[in-house]
Amino acid sequence: KIIADILSKEIQKIIPPAAKMDLESYRGNKLCENFFLFFSTLREVKRYSNSFLLTMPQINEEINYLDFAALESIRIFCPDIYNELPHHKDILLGNKDPFSFKVDIEERKNSIEYIITLEKDIRKQNIVRAIIFQLFPHAGKADRSGDNRDYRKSKRICSSTRFNRYFLLHVPTGEISQGEIDNALKIASDQDAFIRCLKEYNNRNILDQFLGRIDDYIFEMSPEKIKCIVEAFFDVGDELSITNNGLINTIMQMHIGFTILNLVEQIKDPSIRTEIIKNGVKCGKSFYIIFFILFNINKDKNDKQIILNEDLPTINELAAKRIQEKANKDEFAEMINLGSILFHWMELAGSDAPNDFVSNLIENNQGIIRLLVGFVTQSYDDYNGMQYSLRENNFKAIAEFADIPFIYSKLISIKQNEPSLLSDELEKIAAEDFIRLYEKEYPILS
C-alpha cells in the first residue's frame with residue numbers, strides 16, 4: 001500500500017492536471033490496481049518514474065496518459081513482451097480486414113498467449129494479461145473496433161490511429177499530429193487563417209486525415225464555428241480537390257462535401273442550417289462542392305431535412321442562376337468536370353439552357369475537345385495508380401447534349417488535320433476513348 005501510494009503520487013507529478021481525472025476514474029483505478037502489482041521496492045518506483053518522465057514528453061499530445069503509464073510498466077518489467085506488441089496491432093485492436101470473410105478467433109487468442117508467455121515469470125504473466133485486456137478491450141476479436149471514434153478522441157492505445165505512436169514515441173511520417181488538429185480547430189473562426197491551414201495540410205497530403213478527425217469534435221462546436229468552417233470549404237473546396245492533372249479528385253470532393261453536410265446537420269435550428277447552405281450557394285467559389293451538396297440535399301430531402309424543404313426551390317434556382325451567369329461570361333467551358341456540371345444544370349433548370357450552351361461550344365474544334373475532356377473520369381487502384389478514361393456511360397451521357405455522329409466525324413478530321421489540339425494527355429484519352437466507343441456502338445456508321 002505504501003509503495004502504491006508513492007507510485008501514484010510520482011505519476012501525478014508527471015502527468016498534466018487534466019489527466020488526473022482519468023487516473024481517478026473507474027478504468028483508471030482498475031488499470032493502476034493491475035500494473036501497480038509490478039512494484040515491490042522504492043528503487044523500482046524511482047526507475048519507472050525516471051523512465052516515464054523521459055519518454056512521455058516526446059509524445060504527450062498524442063497519447064492517453066493512463067494507457068501510456070500502464071504500457072511503460074510493461075516496457076520496464078517485461079521488455080520482451082513490450083517489443084513484441086507492435087507486431088500484433090490488428091490482433092490486439094480486434095481489427096478485421098473488411099475483405100476477409102473469415103478470421104480464426106482461436107488463432108488470435110493463441111497469438112495473445114504467445115506474447116504473454118514471452119515472460120517466463122508466471123506472476124508477471126498474470127499482471128500483463130490483465131493489463132493487455134484492459135488496454136485492448138477487443139483483443140483477439142475480429143471487428144473494426146480500432147476505428148472507434150471515442151477511442152481515437154480519447155487518444156487510447158486501442159485506436160488504430162494512435163497505436164503506432166505509443167511505440168514510435170513520435171508521429172509517423174505522413175500522419176497528422178494531434179497538435180495540428182487542435183491548431184486548425186482553434187483558428188477555425190478566423191477564416192483566412194483556417195483556409196491557409198487547409199491549403200498547407202493539402203500540400204502535405206494530410207488534409208484527408210484532418211477531415212476524418214473533424215467528426216471527433218463535431219458535437220463540441222458552436223454554430224458560429226461550424227458556419228466559419230463550412231464557409232471556408234465552400235470557398236476553397238474545389239481548389240483543395242483539384243489533382244495535378246487538372247481534374248477533380250472525387251474522393252477528396254466527397255470527403256469535403258460530406259464533412260459540410262455532417263457539420264451543418266449538427267445545428268438544431270433549421271433556419272440557421274438553411275441560411276448557411278444558401279450563403280454557400282450564393283457566394284461560394286467552389287462550384288463542384290456546391291453541386292455535390294445540392295445533389296445530396298435534393299436526394300435526401302424526404303429522409304432528413306438538412307434545409308427547409310420550402311426553401312429548396314429557391315436555393316436550386318440560385319444555383320442555376322450562378323451557372324447561367326458563368327456561361328454568359330464564357331467562363332463555363334473551362335470548368336473541370338464539365339459533364340457533371342451540365343447534368344446538375346439540366347436537373348436545376350431543364351435541358352434548354354445547357355443544350356444551347358453545348359451547341360455554341362462545339363461550333364469549333366477546341367470546344368469539342370473541351371466538351372469531351374469534361375466527361376473524362378478517374379479511378380484508382382493500388383496496382384495502376386490513378387487512371388483516366390471516358391467511360392461508356394459518360395459516352396452515352398454526351399448524347400444528352402450533342403449529336404454523337406457529328407462529334408465523331410469532327411474528331412476524325414481533328415486527328416488527321418489538327419493533331420496539335422490533342423497534345424495534352426487528357427485530350428488524347430478523351431478523343432481516343434470516344435472514337436473507340438463510337439466504333440463499338442455504331443460499327444456500321446463508322
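This passage describes the overall form of a predicted protein model and then several of its residues. Because the model is predicted, local features need pLDDT of at least 70 and side-chain atom pairs count only at pLDDT 80 or more, while totals for chains, interfaces and linings use all residues. Residues are numbered from 1 along each chain as its sequence is written, and side-chain values use heavy atoms, with hydrogens and water left out.

The protein has 25 helices and 2 strands. Helices (H or I, at least four residues) and strands (E, at least two) are DSSP runs, numbered from the N terminus. The radius of gyration is 29 Å, well over the 22 Å that the globule rule gives for 446 residues, so the protein is more spread out than a compact globule. This radius is taken over C-alpha atoms, and the globule rule is 2.2 Å times the number of residues to the power 0.38. The C-alpha trace spans about 90 × 50 × 35 Å along its principal axes.

About 22,400 Å² of the protein is exposed, and carbon and sulfur atoms supply 50% of it. Accessible areas come from the Shrake-Rupley method with a 1.4 Å probe; for residues, only the protein chains shown count as cover. Of the 446 residues, 48% are buried. A residue is called buried under 20% relative accessible area, exposed over 50%, and partly exposed in between (1.4 Å probe, protein chains only). Contacts (heavy atoms within 4.5 Å) were also sorted by sequence separation: among those between residues at least 6 apart, 69% join residues at least 24 apart.

The structure holds 22 salt bridges. A salt bridge is a side-chain nitrogen of Lys or Arg within 4 Å of a carboxyl oxygen of Asp or Glu. One of them joins the side chains of lysine 13 and glutamate 10, with an N to O distance of 3.3 Å. The two residues are 3 apart in helix α1 (residues 2–14), which means that about one helical turn separates them. Lysine 13 counts as exposed because its relative accessibility is 65%, whereas glutamate 10, at 23%, counts as partly exposed.

Another salt bridge links arginine 162 to glutamate 62, the closest N and O atoms being 3.4 Å apart. Arginine 162 lies in the loop between α10 (149–153) and α11 (163–168), and glutamate 62 in the loop between α4 (42–55) and α5 (65–77), so the pair ties together parts that are 100 residues apart in sequence. Both arginine 162 and glutamate 62 are buried.

In helix α25 (residues 425–441), aspartate 433 and arginine 436 are 3 residues apart, or about one helical turn. Their side chains meet in a salt bridge of 3.5 Å, N to O. Aspartate 433 is classed as buried because its relative accessibility is 13%, and arginine 436 as partly exposed because its value is 46%. Elsewhere, Asp22, Arg27, Asp67 and Arg156 are joined into one network by salt bridges that share partners.

Arginine 273, in helix α17 (residues 270–283), is buried yet has no salt bridge. The nearest side chain of opposite charge is that of aspartate 269, 6.8 Å away; Lys and Arg count as positive and Asp and Glu as negative, with His and the chain ends not counted. A polar atom of the arginine 273 side chain lies 2.7 Å from the backbone oxygen of isoleucine 306. Leaving aside neighbours within four places in sequence, arginine 273 is in contact with Val264, Glu265, Ile267, Lys268, Gln305, Ile306 and Ile307.

Three further residues were examined. Leucine 263 lies in helix α16 (residues 250–265) and counts as buried because its relative accessibility is 0%. Not counting residues up to four places away in sequence, leucine 263 touches Ile214, Ile218, Met221, Ile226, Ile229 and Val230. Glutamine 125, in helix α9 (residues 122–135), is also buried, at 10% relative accessibility. With the exclusion of residues up to four places away, glutamine 125 touches Ile116, Thr117, Glu119 and Lys120.

Asparagine 164 is found in helix α11 and is partly exposed, with a relative accessible area of 28%. Outside the residues up to four places away in sequence, asparagine 164 touches Lys89 and Pro172. The C-alpha atoms of asparagine 164 and asparagine 360 are separated by 57 Å, the two residues being 196 apart along the chain.

Notes. Polar contact = N/O pair within 3.5 Å; in protein donor to acceptor, adjacent residues only side chain to side chain.
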